[in-house]
Amino acid sequence: MRIAVFGANGPTGRHLTDQALAAGHEVVAVTRRPGSLLPGRQGLAVAVADATDPAAVDAAIAGTDAVLSAVGARFSKETITTYSASATAITEAMTRHGIKRLLAISSSIADPNWRPTGAHFFNHVLDPLVNRRLGSTLHEDMRRMEAVIRQTDLDWTLVRPSGLFEHPVVTDYHAAETSADGVFTARADLAASMLRELEERRYVRTAMGVITTAVKPNIAKLIWHEGMKKK
């Protein structure tokens with residue numbers, strides 16, 4: 001399968017690109033900053049494009065069979081439009097090209113009923129402070145992105161991880177409809193779940209929650225790297 005990966009040089013996009021190539025897919029890695037994503041690897045093509053630019057997106061996805069969006073933004077007090085603007089550009093281009101399959105990374109926060117079982121400190125301290133306050137503008141735009149995608153006729157899946165962190169290998173992750181009952185998601189697991197869903201199509205036109213249970217991150221480092229540190 002020929003897959004377009006948006007945000008391919010980001011933290012999750014790199015996992016997606018590497019795992020997709022390892023699985024035998026062809027990958028069009030779409031990114032504003034190619035960085036280490038140099039062409040030359042078998043099956044890899046690099047498209048330099050802004051995911052919010054309709055013309056650039058249209059050119060990048062031409063000839064692909066599916067689109068995976070790992071577009072991301074940092075926390076900001078200012079209004080964020082990266083998620084919703086990219087979703088609009090991507091879905092409109094997919095419709096023009098007749099490409100049906102879309103998986104887009106959102107967040108468990110997009111589910112208003114998501115509260116991990118037994119996670120008292122997270123539910124009453126970290127979530128209100130980090131997600132609902134520091135990350136409020138980011139998550140508001142994720143919800144706008146979800147609304148844009150839901151209104152399309154595409155075969156979409158909204159992928160909702162919990163707190164993202166780095167782990168070198170794929171673990172025995174858990175996926176569930178709407179959102180998953182857990183606090184953390186390793187990026188390697190998130191990428192693996194998306195590629196698995198691409199093949200199995202268990203969550204078409206709904207949301208898929210993904211959590212990691214085998215390992216846990218250092219919470220202080222998680223907050224610093226995911227919310228505060230400049231990417």
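Let's start inside. S69, S86, A87, I90, T91, L102, A104, M145 and I149 line the largest cavity. Keep in mind that this is a predicted model.

How many cavities of 30 Å³ or more does a search of the whole structure find? One. The space in that largest cavity is about 40 Å³. As background, rolling a probe the size of a water molecule over the atoms shows where empty space is left.

Now the walls. Which elements each supply at least two residues of the lining? They are α3, residues 82–97, β5, residues 101–105, and α5, residues 136–150. Helix α3 gives the most, with four residues. By class, the lining has six nonpolar residues and three polar ones. Charged residues are absent from the lining.

Stay with α3, and bring in a neighbour. Helix α2 covers residues 54–61. The axes of α2 and α3 come within 9 Å. They cross at roughly 50 degrees. Angles from 35 up to 65 degrees fall outside both the roughly parallel and the roughly perpendicular classes, so α2 counts as oblique to α3. The crossing is right-handed.

Who touches whom? On the α2 side, the contact is made by P54, V57, D58 and I61. On the α3 side, look for A89, I90, A93, M94, R96 and H97. Note I90. That residue is in this contact, and I90 also lines the cavity. Sorted by class, the α2 and α3 contact holds seven nonpolar residues, one polar and two charged.

Next pair: α1 and α6. Helix α1 runs over residues 11–22, and helix α6 over residues 187–200. Their axes are 9 Å apart. The packing angle is about 50 degrees. Is α1 parallel or oblique to α6? Oblique, because of that angle. Here too, α1 passes α6 in a right-handed crossing.

The residues, then. From α1, the contact uses P11, T12, H15, L16, Q19 and A20. From α6, it uses R187, A188, L190, A191, A192, M194 and L195. The classes come out as nine nonpolar, three polar and one charged.

To recap. There is one cavity of 30 Å³ or more, and α3 gives the most to its lining. Helix α3 also packs obliquely with α2. And α1 sits oblique to α6. That's the tour.

Methods:
Residues are numbered from 1 along each chain as its sequence is written. This is a predicted model: local features need pLDDT of at least 70, side-chain atom pairs count only at pLDDT 80 or more; totals for chains, interfaces and linings use all residues. Side-chain values use heavy atoms; hydrogens and water are left out. On a 1 Å grid over the protein atoms alone, a cavity is a set of points where a 1.4 Å probe fits but cannot get out, and a pocket is an open set with protein on both sides within 12 Å along at least five of seven lines; lining residues have an atom within 4 Å of a point. Grid points are joined across faces, edges and corners, and a volume is the space filled by probe spheres set on the points. Ala, Val, Leu, Ile, Met, Phe, Trp, Tyr, Cys and Pro count as nonpolar, Asp, Glu, Lys and Arg as charged, and the others, Gly among them, as polar. Axes are lines fitted to C-alpha atoms, for helices over the stretch in contact, and angles run from 0 to 180 degrees between N-to-C directions. Angles under 35 degrees count as roughly parallel, over 145 as roughly antiparallel, 65 to 115 as roughly perpendicular and the rest as oblique. A crossing is left-handed if the near helix is turned anticlockwise from the far one by less than a right angle, and right-handed if clockwise. Contact means heavy atoms within 4.5 Å.
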